Amino acid sequence: ILVKNTGETQGTFYHIQYISEGGKDYKQQVDSLLLEIDSSLSTYKEYSLISRLNKGEKLTLDNFFEEVFYAAEKVYQESEGMFDCSVAPLSNYWGFGFEDNLSEIDSSEVKRRLNLVDFSKIKILNDSLLLPKGMQLDFNSIAQGYSVDVVALFLESKGIKDYLVEIGGELKANGVNSDNKIWLIGIDKPIENEEESQGYQIILPLKNSSLATSGNYRNFYIDEDDRFYHHEINPLTGYPIMSKLASISVFTTTSCMEADGLATALYMMNFDDIQNFFNDTKFEGLMIFINPDMSFKQVVSRNFPKN
């Protein structure tokens, strides 16, 4: 029997479908699991482990924190620093983080904060975090993908083989749906006005795999020279990225957490580097670009699943 659960977590919504023997519903356990993850990793919760560590408290780390930390470190190394979870001091300064304080931007302050961004300086030693003074961590660019993996593992521990887990647009699918067919998911058409939604840009089969998307069609601004600035901060320069890339989706048969981190890292790169990445790795991707007339162009990697 198909069971559907929806709810709120990490400032967004989740939608989970799974085929459960006798229609057993696990919503209560899923909610408490997501609450536990929030209590560890949410920068929007004052009481969370990460918020307290960012304030300089010395606390014992939990499993959630350690797993995400090491995954973030891996993507940081793979992306040569383009994915950096210590970028919080800059994101907050530009008004894109967990503190709202965008006023006049002062380049010397950007430079000062840039010196506080370097994931390689942060270490875990015997369940403790070594966080240099003034540095802050923010796992929002990878925590939703991680939560998807954790929920999927929980369902599997209950003997569920057929499921689709989606949290804030990050997805993982296994097995088949209630019609005994591979799960189909839609990637939104990028339009400026959500109310005028024209349905999906692309519909994909998701077979025992994960999909994560970075970018936001609605969260950018254009300056007088027609340059597109996004809400993502380049951790190497300290400034918002300029890009005609509206979004990038990473498809993988590995973890949703890895796809989530890589989508953020790739979103920072230029088109040639992104293409080289997909040519050289086992990952596949879908890129949506903004044309000067505000229409959109779609580019996919070689073996991206067919529409």
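This talk goes through the strands, cores, salt bridges and one helix of a predicted model.

I'll start with strand β5, residues 163-167. All five of its five residues are buried, so to speak of a strand that is mostly covered is fair under the cut-off of under 20% relative accessible area. The cover is on both faces: Tyr163, Val165 and Ile167 are buried on one side, and Leu164 and Glu166 are buried on the other.

What does β5 pair with? Strand β2, residues 12-19, runs antiparallel to β5, and five bridges join the two. In that pairing, His15 has Glu166 of β5 as its bridge partner. Strand β6 is also antiparallel to β5, again with five bridges. There, Val165 stands opposite Lys172 of β6. β5 and β6 make a hairpin with two residues between them. Gly168 sits in the turn and has a positive phi of about 55°.

Lys172 brings me to the salt bridges. The structure holds nine of them. I'll take three.

Lys172 forms a salt bridge with Asp149, and the closest N and O atoms are 3.3 Å apart. This pair links distant parts of the chain, with Asp149 in helix α6, residues 140-157, and Lys172 in strand β6, residues 170-174; the two are 23 residues apart. Are these two partners buried or exposed? Asp149 has a relative accessible area of 10%, so it is buried. Lys172 is buried as well, at 16%.

The second pair is Lys74 and Glu78, whose closest N and O atoms are 3.2 Å apart. Both are in helix α3, residues 63-78, and because they are four residues apart there, about one helical turn separates them. Lys74 counts as partly exposed, at 41% relative accessibility. Glu78 is also partly exposed, at 39%. This pair does not stand alone: Lys74, Glu78 and Glu258 are linked in a network of salt bridges.

The third pair is Glu109 and Arg112, with the closest N and O atoms 3.1 Å apart. They are three residues apart in helix α5, so about one helical turn separates them. Glu109 counts as buried because its relative accessibility is 19%, and the cut-off for buried is under 20%. Arg112 is partly exposed, with a relative accessible area of 44%.

Staying with α5, residues 107-114: Glu109, Val110 and Arg113 are buried in this helix. Why do they line one face of the helix? Seen down the axis of α5, the buried residues fall within an arc of 105°, so they line one face. The buried residues of α5 pack against α4, residues 88-93.

Last, the nonpolar cores. As background, nonpolar side chains tend to be buried together in soluble globular proteins. The largest core here has 70 residues, and Phe65, Phe69, Leu129, Leu137, Phe139, Leu155 and Phe278 touch the most other members. Helix α6 gives the largest share of this core, nine residues. A second, separate core has 16 residues, including Trp183, Leu211, Phe251 and Ile290.

Which residues does Phe278 touch? Not counting residues up to four places away in sequence, Phe278 touches Ile248, Val250, Leu266, Phe283, Glu284, Gly285, Met287 and Ser301.

That is the end of the walk-through.

How values were computed: Residues numbered from 1 in each chain as written. Predicted model: local features only at pLDDT ≥ 70, side-chain atom pairs only at ≥ 80, totals over all residues. Heavy atoms only, no water. Buried < 20%, exposed > 50% of the residue type's maximum accessible area, 1.4 Å probe, protein only. Arc of directions from axis to C-beta. Contact = heavy atoms within 4.5 Å. Salt bridge = Lys/Arg side-chain N within 4 Å of Asp/Glu carboxyl O. Core = buried A, V, L, I, M, F, W, Y, C linked by side-chain atoms within 4.5 Å. Pairing = 2+ DSSP bridges.
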